[in-house]
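User: Please examine the structure shown below and answer a short series of questions about its fold, core and pockets.

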Amino acid sequence: MGKRSNFVEIGRVVCVNYGPDAGKTCVIVDIVNQSFALVDGANVTGVKRAQLNFKHMAITPIKLNIGRGLTSKKLEQVWKDAKVCEQFGATSWGKKLARQAKRKNATDFDRFKTMMLRKKRSAIINKELSKLKA
């Protein structure tokens with residue numbers, strides 16, 4: 001197992017993995033106690049400032065240099081300057097969440113088009129494979 005250097009600290013960007021805000025990112029603004037942290041979504045991600053259990057968040061490698069108890073307005077400016085959404089979207093984790101959201105919002109016709117493209121790809125692969133076997 002690799003080295004874990006992502007600690008729970010003020011300024012750490014976390015991903016909520018439980019509740020109505022599941023899948024959204026926010027920042028730890030303050031540590032309340034050993035089980036809870038005060039998080040804020042900086043009016044960008046839709047997560048309002050609230051206490052969140054550590055069991056309901058997943059720590060990302062992204063960290064912002066902020067002070068304890070930063071206001072939402074200042075946090076929003078720091079969030080935009082650091083381009084946190086772009087940083088998280090560039091990670092494999094962010095790409096996976098985007099892919100899941102895209103599939104979740106797909107219509108029946110989108111699923112049909114995907115099926116037809118997969119069948120075409122499979123036919124091409126099988127044709128080339130049969131050439132190699134012969």
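The exchange below treats the chain, its core and its pockets in turn.

Analyst: This is a predicted model, in which local features need pLDDT of at least 70, side-chain atom pairs count only at pLDDT 80 or more, and totals for chains, interfaces and linings use all residues. Residues are numbered from 1 along each chain as its sequence is written, and side-chain values use heavy atoms, with hydrogens and water left out.

User: In what order do the elements of the chain run from the N terminus on?

Analyst: Helices (H or I, at least four residues) and strands (E, at least two) are DSSP runs, numbered from the N terminus. The chain has four helices and five strands. Their order is β-β-β-β-β-α-α-α-α.

User: What radius of gyration does the chain have?

Analyst: The radius is taken over C-alpha atoms, and the globule rule is 2.2 Å times the number of residues to the power 0.38. The C-alpha atoms fill a box of roughly 70 × 35 × 30 Å along the principal axes. For a compact globule of 134 residues the value would be near 14 Å, whereas the chain has 21 Å.

User: Which elements give two or more residues to the largest nonpolar core?

Analyst: A nonpolar core is a set of buried (under 20% relative accessible area, 1.4 Å probe, protein chains only) Ala, Val, Leu, Ile, Met, Phe, Trp, Tyr and Cys residues joined through side-chain atoms within 4.5 Å. The largest has 12 residues, including V13, L64, W79 and F88. The elements asked for are β2 (25-31), α1 (72-82) and α2.

User: Which element gives the most to the lining of the largest pocket?

Analyst: A pocket is an open set of points on a 1 Å grid over the protein atoms alone where a 1.4 Å probe fits, with protein on both sides within 12 Å along at least five of seven lines; lining residues have an atom within 4 Å of a point. The lining of the largest pocket comprises R99, K102, R103, A106, D110, R111, T114 and R118. By class these are one nonpolar, one polar and six charged. α3 (92-104) and α4 (108-133) each supply at least two residues, and the greatest contribution, four residues, comes from α4.

User: How many residues of each class line the second largest pocket?

Analyst: Among the residues that line the second largest pocket are K24, W79, C85 and F88. α2 gives the most to this lining, with four residues. The lining divides into six nonpolar, five polar and one charged.

Conventions. Nonpolar A, V, L, I, M, F, W, Y, C, P; charged D, E, K, R; others polar. Buried < 20%, exposed > 50% of the residue type's maximum accessible area, 1.4 Å probe, protein only.
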